[in-house]
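Trainee: I am new to this structure and would like to go through it step by step. Please show me the sequence and the model.

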Amino acid sequence: MEKYDGGGGGRVRPDDPWYDALASGWGELDGTTAPAAAVPHARGESAGRTGTAAEIYLEVQRSPAFQEVRSRYRRFVFPGVAVFFSWYLAYVVTATTAPDLMARPVAGAVNIAMLAGLGQFLSTFLLTWAYARHARLRRDRAALELRWNTQEELTRESER
């Protein structure tokens, strides 16, 4: 990508196509006082080879770096979905099978059903925050590097 940088003489400069994709908070610790573990490089052993776009994408998909990013994603998302779905299902089943329990007042007009419903909203926001933090600390940098390497390889291929 090229952009006019506003300087004199119509000078054109290359621009990083992923500039806006940078995540804030890189280098933050994950609570263990150690940065997240490094992800292996994609295409490290075959940097000299060329191929079509489909071959490049397949090679990146098979790379240890891509597999590590996907593994980190799955290790967070699958348990998160299971916990959240269980909590939601418990709320719905309890509301339909035990209406007397859910109607029990807690404070004034506030009952257990209202608190559980508000808990659903709170747990949604907490899960969203945890997902964004996990992505920022565990996957964004590696995914950005994969994307940049793939874009670089595709650019080289299109110039040939």
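Trainee: Of the 160 residues of the protein chain, what percentage count as buried?
Mentor: This is a predicted model, in which local features need pLDDT of at least 70, side-chain atom pairs count only at pLDDT 80 or more, and totals for chains, interfaces and linings use all residues. Residues are numbered from 1 along each chain as its sequence is written, and side-chain values use heavy atoms, with hydrogens and water left out. Buried means under 20% relative accessible area, exposed over 50%, and partly exposed in between (1.4 Å probe, protein chains only). By that rule, the buried share of the 160 residues is 21%.

Trainee: What pattern does the protein chain follow along the sequence?
Mentor: Helices (H or I, at least four residues) and strands (E, at least two) are DSSP runs, numbered from the N terminus. The chain has four helices and four strands. Read in sequence order, they give β-β-α-α-α-β-β-α.

Trainee: Which residue is at the centre of the kink in helix H4?
Mentor: Helix H4 covers residues 112–159. The bend at a residue is the angle between axes fitted to the seven residues ending there and the seven starting there. The kink in H4 comes to about 55°, and its centre is Arg-139.

Trainee: At the start of H4, which residue's backbone nitrogen does a side-chain oxygen of Asn-111 reach?
Mentor: A polar contact is a pair of N or O atoms within 3.5 Å; within protein, one must be able to donate a hydrogen and the other to accept it, and residues adjacent in sequence count only if both atoms are side-chain atoms. Here the oxygen of Asn-111 comes to within 3.2 Å of the backbone nitrogen of Ala-113.

Trainee: Which residues are joined into one network by salt bridges?
Mentor: A salt bridge is a side-chain nitrogen of Lys or Arg within 4 Å of a carboxyl oxygen of Asp or Glu, and the structure holds two. Arg-72, buried at 7% relative accessible area, pairs with Glu-68 at 3.0 Å, N to O; the two are four residues apart in helix H2 (residues 64–97), so about one helical turn separates them. Arg-75, exposed at 51%, also bridges to Glu-68, with the closest N and O atoms 3.6 Å apart. Through shared partners, the network consists of Glu-68, Arg-72 and Arg-75.

Trainee: Which helices each supply at least two residues of the largest nonpolar core?
Mentor: A nonpolar core is a set of buried Ala, Val, Leu, Ile, Met, Phe, Trp, Tyr and Cys residues joined through side-chain atoms within 4.5 Å. The largest has five residues: Val-60, Ala-65, Val-69, Ala-142 and Leu-146. At least two of these come from each of H2 and H4.

Trainee: Is Thr-96 buried or exposed?
Mentor: Thr-96 lies in helix H2. Its side chain reaches the backbone oxygen of Val-93 at 3.1 Å. With a relative accessible area of 58%, Thr-96 is exposed.
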